[in-house]
Amino acid sequence: MKELFQHAAVTDGITVRVAVNFLPEQSRVEAGKWFWVYHIRIENGGEQAVRLVTRHWRITDGHGAVNLVEGEGVVGEQPLLQPGQSHDYVSGCPLATPHGSMEGYYTFERADGSDLRAAIPFFPLAAPATAG
């Protein structure tokens, strides 16, 4: 699992794993646009069902500019994860610099009605250096 997902965080039985890749074919370096794709796997290792309600991202570019992104669910879904289940999704992030980072948290609602804030691990966004 560690080979596929380079970054992970565990909060109260919820594991959030991240794999990130630079996509040169979606980037336009000459126009100052770099693009990454990230694959998230959320695993419920807890003892009760949880529903992912909201996402909260902190995206920082190479100049230190921060973009906060908040919203309901992930890619249009609010998955319900029973104990032992996982949910995968893929999304992307454009930046105006060749380096940056992402981190954040998901808010889940447990079966008992209580909320859980699960950390999304910090991960760097780094375009490969190019000769030229």
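What percentage of the 132 residues in the protein chain do buried residues make up? In this predicted model, buried residues account for 40% of the 132 residues in the protein chain. The protein chain has 9 strands and 0 helices, and its pattern, read along the sequence, is β-β-β-β-β-β-β-β-β. The C-alpha trace spans about 55 × 30 × 20 Å along its principal axes, and the chain exposes about 7300 Å², of which carbon and sulfur atoms supply 50%. Among contacts between residues at least 6 apart in sequence, 63% join residues at least 24 apart.

The sheet is a suitable place to begin. Four strands, in the order E1-E2-E3-E7, form an open sheet with antiparallel pairing. Strand E1 (7-11) and strand E7 each have a single partner strand and stand at the edges, so one side of each is left without a neighbour in the sheet. From one strand to the next, the twist averages 20 degrees. Strands of a sheet pair through backbone hydrogen bonds, which may join them in a parallel or an antiparallel manner.

At the E1 edge, strand E1 pairs with strand E2 (residues 14-22) in the antiparallel sense over 5 bridges. Two of the residue pairings can be followed individually: Ala 9 has Val 16 in E2 as its bridge partner, and Val 10 has Thr 15 in E2 as its bridge partner. In a regular strand the side chains alternate between the two faces of the sheet. Strand E1 shows such an alternation, since His 7, Ala 9 and Thr 11 point to one face and are buried, while Ala 8 and Val 10 point to the other face and are not buried.

The connection between these two strands deserves attention as well. E1 and E2 form a hairpin with 2 residues between them, and Asp 12, found in the loop between E1 and E2, has a positive phi of about 45 degrees although it is not a glycine. Is Asp 12 buried or exposed? Its relative accessibility is 57%, and therefore Asp 12 counts as exposed, the cut-off for that class being over 50%. A positive phi also occurs at Val 75, a residue other than glycine, with a value near 40 degrees. Val 75 is placed in the loop between strand E5 (66-72) and strand E6 (80-81), and at 46% relative accessibility it counts as partly exposed.

Further along the chain, Ser 27 lies in the loop between E2 and E3 and counts as buried, with a relative accessibility of 11%. A polar atom of the Ser 27 side chain lies 2.9 Å from the backbone oxygen of Leu 23, and the side chain of Ser 27 also reaches the backbone nitrogen of Phe 35 at 2.9 Å. Leaving aside neighbours within four places in sequence, Ser 27 is in contact with Phe 22, Lys 33, Trp 34 and Phe 35.

At the E7 edge, Ser 86 lies in strand E7 (residues 86-95) and counts as partly exposed, at 42% relative accessibility. Ser 86 and Asn 44 are 42 residues apart in sequence, yet their C-alpha atoms are 6.1 Å apart in space. Not counting residues up to four places away in sequence, Ser 86 touches Arg 41, Ile 42, Glu 43 and Leu 81.

One of those contacts, Ile 42, leads into the interior. Which residues of the largest nonpolar core touch the most other members? Of the 28 residues in this core, they are Tyr 38, Ile 40, Ile 42, Trp 57, Tyr 106, Phe 108 and Phe 123. At least two residues of the core are supplied by each of E2, strand E3 (34-44), strand E4 (50-61), E7, E8 and strand E9 (115-126). Beyond its neighbours within four places in sequence, Ile 42 is in contact with residues including Ile 14, Leu 52, Leu 81, Tyr 89, Tyr 106 and Phe 108, and also with Ser 86.

A second serine in a strand can be set beside Ser 86. Ser 101 lies in strand E8 (residues 99-110) and is buried, with a relative accessible area of 10%, whereas Ser 86 counts as partly exposed. Not counting residues up to four places away in sequence, Ser 101 touches Arg 58, Ile 59, Thr 60, Phe 122, Phe 123, Pro 124 and Leu 125; among them, Phe 123 is one of the core residues that touch the most other members.

Conventions. Residues are numbered from 1 along each chain as its sequence is written. This is a predicted model: local features need pLDDT of at least 70, side-chain atom pairs count only at pLDDT 80 or more; totals for chains, interfaces and linings use all residues. Side-chain values use heavy atoms; hydrogens and water are left out. Buried means under 20% relative accessible area, exposed over 50%, partly exposed in between (1.4 Å probe, protein chains only). Contact means heavy atoms within 4.5 Å. Two strands pair if DSSP finds at least two bridges between them. Axes are lines fitted to C-alpha atoms, for helices over the stretch in contact, and angles run from 0 to 180 degrees between N-to-C directions. A nonpolar core is a set of buried Ala, Val, Leu, Ile, Met, Phe, Trp, Tyr and Cys residues joined through side-chain atoms within 4.5 Å. Accessible areas come from the Shrake-Rupley method with a 1.4 Å probe; for residues, only the protein chains shown count as cover. A polar contact is a pair of N or O atoms within 3.5 Å; within protein, one must be able to donate a hydrogen and the other to accept it, and residues adjacent in sequence count only if both atoms are side-chain atoms.
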